[in-house]
Amino acid sequence: MNPVVGLDVSKGESQVQAFLEKGKPYRKSFSIEHTIDGLGKLVEFLQEVERQAHGHPPSVVLESTGHYHTPVIQFLEEKKYVYIVVNPLISHRAKSSSLRKVKTDAVDAYHLCELYYKEDLEPYKKRGIQLLNLRNLTRQQETIAEISANIKLQLHSLLDQVFPEYRGVFGSLYSKVSLLTLRSFPTSEAVLNVDESVLVEKIASLCKSRSEKWAKEKAQKLREAALRNPFQRNLYESHIFNLEILTNIVLQYQEHLSKISTEIDVLAKEIEEYQIIQSIPGIGEKIAATIISEVGEIDRFNHPKKLVAFAGVDPSV
């Protein structure tokens, strides 16, 4: 026997249908909630199917549904059950081939079981968890980088209205020493109201890897920028307040991105393809990790054209 259990996953619950073998459905479909009790009922049902199939443990087939299927997968992983995550495009194609255009959760779970016998579906491999961890990190990195870029644009715009000349003081406006200095001296008044020795001491304390000569040069450039600044007296206290807030946010995001990059690098180095794919000109650590995590198990594709189609970059006729 070749038993299978189909799960039509939705938010907070799943519809369950079992087959003992091709063309032989077992019991009527029923729903379970994604709770300890609900998932416990699923395990009891899987054990029941295994007994009815004379000791053959069933495979579990479910669609990839964003994050809704995550608790089910984690539970099946802990219980050591073989599970297959199906691309929704494949399952939709199989449903579309049916003559009866009925769309219910019970019917969808039934179709997933039929799909198991029609298609050559491979079980989820252990390395898939590692790749999913990498995917979660690279996607989070992309999200935070995008938000950080928007905050930087706001900071840049605000700086134009408070201290535009500051941009030429350090090599990069968004370097850590530059942002920390700006936080301490956000206006011309703040710079000119202290002795140059105070500026030197502050800048030197923020970048201890640099020489005192470098700190003196930056302090001098900062005073010159303050003297050239068209906004010698700022009328809007709200601008100064918002400038401090945005500077802190950029610093926080940079810290988060640094931590994520370190975590990605540690995880990606355990994957063989990470070094191989970086041998391609123009691909660095970040892009390599993203490609590996999004492609997943590369041996799913027995031809380059299938990988191109999966990526969605094949030209249409």
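Begin by selecting helix H8, residues 196–206, in this predicted model. Colour Leu 199, Val 200 and Ile 203 within H8: these residues are buried. Next, turn the view so as to look down the axis of H8; the buried residues fall within an arc of 100°, so they line one face of the helix. The general geometry of such an element is helpful here: an α-helix has 3.6 residues a turn, so residues three or four places apart point the same way.

Now rotate to the other side of H8 and select Ser 197 and Glu 201, both of which are exposed.

Return to the buried residues and display their surroundings. Three helices pack against the buried residues of H8: H6 (176–184), H7 (188–192) and H9 (212–228).

Then zoom out to the whole protein and show it as a cartoon. Its secondary structure consists of 13 helices and five strands. The radius of gyration is 29 Å, well over the 20 Å that the globule rule gives for 317 residues, so the protein is more spread out than a compact globule. Along the principal axes, the C-alpha atoms fill a box of roughly 85 × 40 × 40 Å.

Select the buried residues throughout the protein; they amount to 39% of the 317 residues. With the surface switched on, the accessible area comes to about 18600 Å², and carbon and sulfur atoms account for 53% of it. Of the contacts between residues at least 6 apart in sequence, 62% join residues at least 24 apart.

Finally, colour the charged side chains. There are 40 positive and 41 negative ones, and the centres of the two sets lie 2 Å apart.

Methods:
Residues are numbered from 1 along each chain as its sequence is written. This is a predicted model: local features need pLDDT of at least 70, side-chain atom pairs count only at pLDDT 80 or more; totals for chains, interfaces and linings use all residues. Side-chain values use heavy atoms; hydrogens and water are left out. Buried means under 20% relative accessible area, exposed over 50%, partly exposed in between (1.4 Å probe, protein chains only). Helices (H or I, at least four residues) and strands (E, at least two) are DSSP runs, numbered from the N terminus. The arc is that of the directions from the helix axis to the C-beta atoms. Contact means heavy atoms within 4.5 Å. The radius of gyration is taken over C-alpha atoms; the globule rule is 2.2 Å times the number of residues to the power 0.38. Accessible areas come from the Shrake-Rupley method with a 1.4 Å probe; for residues, only the protein chains shown count as cover. Lys and Arg count as positive and Asp and Glu as negative; His and the chain ends are not counted. The place of a charge is taken as NZ of Lys, CZ of Arg, CG of Asp or CD of Glu.
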